[in-house]
Amino acid sequence: LPGDLVAALYEEYGARLFEFNVRSFLQARGKVNKGMRKTLDGEPERFLAYNNGLTATADEIEVSQWHGETVIHRLKGLQIVNGAQTTASIHAAKTDRNGKHDVSRVAVAMKLTRVAPDKLTEFVPKISEYANTQNPVQMADLSANTPFHIDMERLAETTWCPGQEARWFYERARGAYQVARARYGTTVAKKRE
């Protein structure tokens with residue numbers, strides 16, 4: 001979605017867009033919202049790459065063809081069930097009293113699901129719950145791809161432990177040891193085969 005459209009939706013419908021969302025706009029106080037604002041201020045064209053986007057539902061979705069592409073022509077009952085922070089951050093940047101930001105270079109990914117009105121109260125809270133309970137990224141996860149950690153992993157893969165019967169395992173990315181163990185088993189299990 002274009003950033004201007006996201007801002008316009010919030011301008012017209014406000015909090016009604018988020019009736020099934022678990023949070024309202026938390027302002028630019030938290031780390032994530034500050035990060036969004038920093039991107040909107042300095043690198044708006046990278047917003048799509050840096051942001052998870054919106055998860056939305058609609059009662060009805062009408063599509064049409066435009067220049068050979070399928071496009072959404074009309075939505076009825078649009079609800080943003082995850083992405084209140086994103087939507088409101090874009091709107092706040094566009095309407096900022098201290099200097100409005102141009103959000104025309106902002107793009108936002110949107111996952112849209114049609115949900116029948118009679119299933120809304122059953123289905124939408126589950127989408128909201130699952131979309132908001134992803135595994136959190138820890139600071140250590142963000143450094144996993146630095147040259148230092150990549151070199152350490154390579155060194156571990158090529159260096160024998162004392163006794164020359166096993167190699168070291170350097171867990172560069174969180175969970176890699178459990179994945180390797182599930183895939184390859186343990187050294188003891190291999191010796192038994």
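I take partly exposed to mean a relative accessible area between the limits for buried, under 20%, and exposed, over 50%. With that in hand I looked up Tyr177, and because its relative accessibility is 37%, I entered this residue as partly exposed. I keep in mind throughout that the model is a predicted one.

Entry on the aromatic rings. I searched for aromatic pairs and found two in the structure. One joins Tyr10 and Phe18, whose ring centres are 5.8 Å apart and whose planes make an angle of 35°, so I noted the pair as tilted, since that angle is neither under 30 degrees nor over 60. I then checked Phe18 and recorded it as buried, because its relative accessibility is 9%. The other pair brings me back to Tyr177, which meets Phe169 edge-to-face, with 5.3 Å from centre to centre and 75° between the planes. For Phe169 I read a relative accessible area of 44%, and therefore I listed this residue as partly exposed.

Entry on a charge over a ring. I looked at Trp160 and found Arg167 lying over its face, at 4.2 Å from the ring centre.

Entry on Thr39. I located this residue in helix α2, which covers residues 31-42. Is Thr39 buried or exposed? I wrote it down as buried, because its relative accessible area is 9%, a value under the 20% limit. I next asked which residues Thr39 is in contact with once its neighbours within four places in sequence are left aside. The contacts I listed for Thr39 are Pro44, Arg46, Phe47 and Tyr50.

Note on methods:
Residues are numbered from 1 along each chain as its sequence is written. This is a predicted model: local features need pLDDT of at least 70, side-chain atom pairs count only at pLDDT 80 or more; totals for chains, interfaces and linings use all residues. Side-chain values use heavy atoms; hydrogens and water are left out. Rings of Phe, Tyr and Trp (its six-membered ring) pair if their centres lie within 6.5 Å; planes under 30 degrees apart count as stacked, over 60 as edge-to-face and the rest as tilted. Buried means under 20% relative accessible area, exposed over 50%, partly exposed in between (1.4 Å probe, protein chains only). A charge sits over a ring if NZ of Lys or CZ of Arg is within 6 Å of the ring centre and within 35 degrees of the ring normal. Helices (H or I, at least four residues) and strands (E, at least two) are DSSP runs, numbered from the N terminus. Contact means heavy atoms within 4.5 Å.
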